[in-house]
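User: I have a sequence and a model open side by side. Walk me through the charged pairs and one of the helices.

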Amino acid sequence: MKQFSKNIILLLVTSFFIISCEQESNLEPEGLWELSTPVIELPENNQSFVLDQITPNETITFSWLAAESSVGFGVSYQVSIHETSDTNFSKPLYEFSSASNGKDLTAIISYQKIDEILSYAGYPANQESEIIWSVKANSLSKSTRVSSIIKIKRFENEIIPNQLFLSGSATEDNGNLEDAIKLKRLTDANGNLSNIHEVYTSLKAGGTFEFYSENSVPSLQYGGKNAAIEKAGNPITAELDGTYRIKINLDNNTYELLKIDYFGMVGNPISGGWGGDESLNYIGQGIWQNSVNLVNTGGFVFRANGDWAYLIKRIVGSENTVILENDAASQGVSFEDIPSNETGKFIVTLNLNSNGYFYTFERDNTIINPITAPNSLFLFENGSMIKEFSKDGDSFQLDEFIPMQASTSYTLNSLADGSGESYSIASSLANSNTPNGDKVSDDVLLLENSNASFTLNSDRSLKLYFDFNAAKLTWTYYNLKLFHWNDWDTRDELVMTYVHPNTYKITTNLISNYDMKFISPWDLDFGSDTPNSLSGNLINGGGSNIINITEDGSYEVTIELENNFNSGTYLFEKQ
């Protein structure tokens with residue numbers, strides 16, 4: 001019985017060895033079999049095709065005779081399209097398999113698809129171009145390829161994409177196309193989607209950017225220069241750091257950049273009203289935001305760069321959708337001032353990206369501990385007391401402007417000799433995102449028990465208001481302009497430069513017999529009781545238009561104001 005078992009085991013082992021050897025002999029070693037090359041049937045070499053835009057679903061057929069494995073292994077096929085310079089077939093413009101998972105000996109492509117492929121690659125519309133097509137046979141790890149030249153005349157009209165993305169080293173995506181910034185597609189006057197796209201975003205000087213039809217490749221790519229875009233053109237170089245509105249028009253192949261130094265909130269709800277300007281901070285992705293103290297209800301607008309030519313208002317009939325006033329007519333919508341029924345401290349957000357143009361208010365619940373107000377408050381300049389403020393409950397103010405300098409240090413104390421309770425602030429004064437606004441104002445945190453001195457960002461004449469209950473100091477200054485006009489609607493508003501103390505200057509060309517006034521719209525409006533003289537008195541809210549230039553030319557104009565900003569003097573000197 002034991003001998004029988006040994007014989008059986010020996011037979012099984014021998015049989016397994018014989019079967020294994022037979023199976024292994026059927027598997028040819030890697031280099032001992034061949035794969036032939038497929039033979040092209042259609043299209044013929046150098047055959048020409050004219051793509052008809054009227055029949056975009058017509059097709060081009062590629063066909064070939066089969067490649068064969070010398071030992072009968074299965075073969076699959078892949079068709080690819082290349083530029084004629086791609087002689088090693090390493091950068092296909094497009095690849096696709098034949099039908100039946102690559103087993104068929106034919107493959108088709110529509111006019112629409114091949115026109116799109118060639119457009120993506122930068123071939124011009126309505127022109128004939130040479131390209132290479134190839135078929136690659138694959139069997140296990142072996143492959144063979146055959147290729148041929150064909151000539152394609154693209155559709156008469158260029159493809160116009162219905163979406164655009166911005167990417168490049170200058171952009172917020174840092175050149176990562178997957179994170180490209182989508183542009184907003186605008187509507188036309190009839191409310192239909194147009195071929196105009198725009199984006200609000202930041203750019204880095206020296207970097208480059210391009211526009212793409214997809215946030216991946218292949219896609220249509222647009223570069224250009226000098227405000228003209230070009231498909232497959234060179235990337236555009238950003239000249240200056242900053243935030244921009246970038247608008248691209250695919251109908252006339254142009255682009256434009258508007259630098260946005262800041263967006264401000266102007267109107268009834270803010271301190272300063274329509275003469276104020278509460279700036280919002282750019283936080284990225286087309287969004288501006290800041291905490292704003294709304295002191296009144298009523299209408300307001302958002303304004304770019306302190307310029308009344310760039311106002312953002314609410315679309316009539318919407319809840320919080322906004323539009324640039326200048327674009328409303330071309331986009332077929334009407335607009336209105338933005339209403340507000342809120343008071344108090346709110347996070348105000350202006351969203352201008354492809355998700356939509358809208359604003360939001362969110363109550364700011366940041367807790368600031370009040371400071372016990374002293375009985376008196378004094379301002380010191382380089383250790384010397386210069387001003388005493390008037391108390392009203394928990395607040396202090398002075399009904400005049402204080403000429404202050406950036407080169408000087410300032411302190412606060414509850415006693416005139418500086419021996420009382422000391423106070424300071426958390427940041428410098430006159431530091432604003434909107435330094436060139438008509439009326440510039442901001443809040444800084446008030447600090448208790450601090451001997452630290454503080455400074456100004458620049459020389460300014462400031463009005464100061466201390467609110468100890470809110471632990472803040474509000475500062476305000478004005479920029480003044482020389483209004484110069486023959487026709488009020490086409491007036492020149494010439495910005496003057498502040499010079500310490502309480503002085504504003506400008507050197508500019510003036511025209512004889514033009515009317516003039518010194519204005520900061522619309523809180524300050526200086527006329528004169530000596531309007532025909534080259535020097536004289538100024539009166540805020542009174543006096544006549546100044547008409548004192550009898551000879552065209554360049555003049556240095558100087559005004560000096562009293563601390564109350566209600567009166568002063570002027571001087572015109574011909575250069």
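**Salt bridges and a helix**

Analyst: This is a predicted model. In it, a network of salt bridges links E198, R245, K247, E256 and D327.

User: How many salt bridges are there by this rule?
Analyst: Side chains of opposite charge can pair when their charged atoms come close. The rule asks for a Lys or Arg side-chain nitrogen within 4 Å of a carboxyl oxygen of Asp or Glu. By this rule the count is 22.

User: Which side chain meets R303 in a salt bridge?
Analyst: R303 sits in strand 22 (residues 300-304). Its partner is 26 residues apart, in the loop between strand 19 (263-267) and strand 20 (278-284). The N to O distance is 3.0 Å, and the partner is D277.

User: Are R303 and D277 buried or exposed?
Analyst: Buried means under 20% relative accessible area. R303 has 1% relative accessibility, so it falls under that cut-off. D277 has a relative accessible area of 3%, so this residue also counts as buried. For R303 and for D277, the answer is buried.

User: What is the N to O distance between D443 and K472?
Analyst: The two side chains meet in a salt bridge. D443 lies in strand 34 (residues 439-448) and K472 in strand 36 (residues 472-478), so the pair ties together parts 29 residues apart in sequence. The distance, N to O, is 3.6 Å.

User: Which class does D443 fall in, buried or partly exposed?
Analyst: Its partner K472 is buried, with a relative accessible area of 17%. D443 has 34% relative accessibility. That value lies between the 20% and 50% cut-offs, so D443 is partly exposed.

User: Which residue forms a salt bridge with K481?
Analyst: K481 is in strand 37 (residues 481-485) and is buried, at 13% relative accessible area. The partner lies in strand 38 (residues 492-495), 12 residues apart. That partner is partly exposed, at 31%. The closest N and O atoms are 3.4 Å apart, and the partner is E493.

User: How many of the 10 residues of helix 3 are buried?
Analyst: Helix 3 covers residues 111-120. Its buried residues are Y111, I114, D115, I117, L118, S119 and Y120. The helix is therefore largely enclosed by the rest of the structure, and the buried count is seven.

User: Which residue just after helix 3 takes a positive phi?
Analyst: Helix 3 spans residues 111-120. Just after it, a phi of about 95 degrees appears. The residue is G122.

Terms used
Residues are numbered from 1 along each chain as its sequence is written. This is a predicted model: local features need pLDDT of at least 70, side-chain atom pairs count only at pLDDT 80 or more; totals for chains, interfaces and linings use all residues. Side-chain values use heavy atoms; hydrogens and water are left out. Buried means under 20% relative accessible area, exposed over 50%, partly exposed in between (1.4 Å probe, protein chains only). Helices (H or I, at least four residues) and strands (E, at least two) are DSSP runs, numbered from the N terminus.
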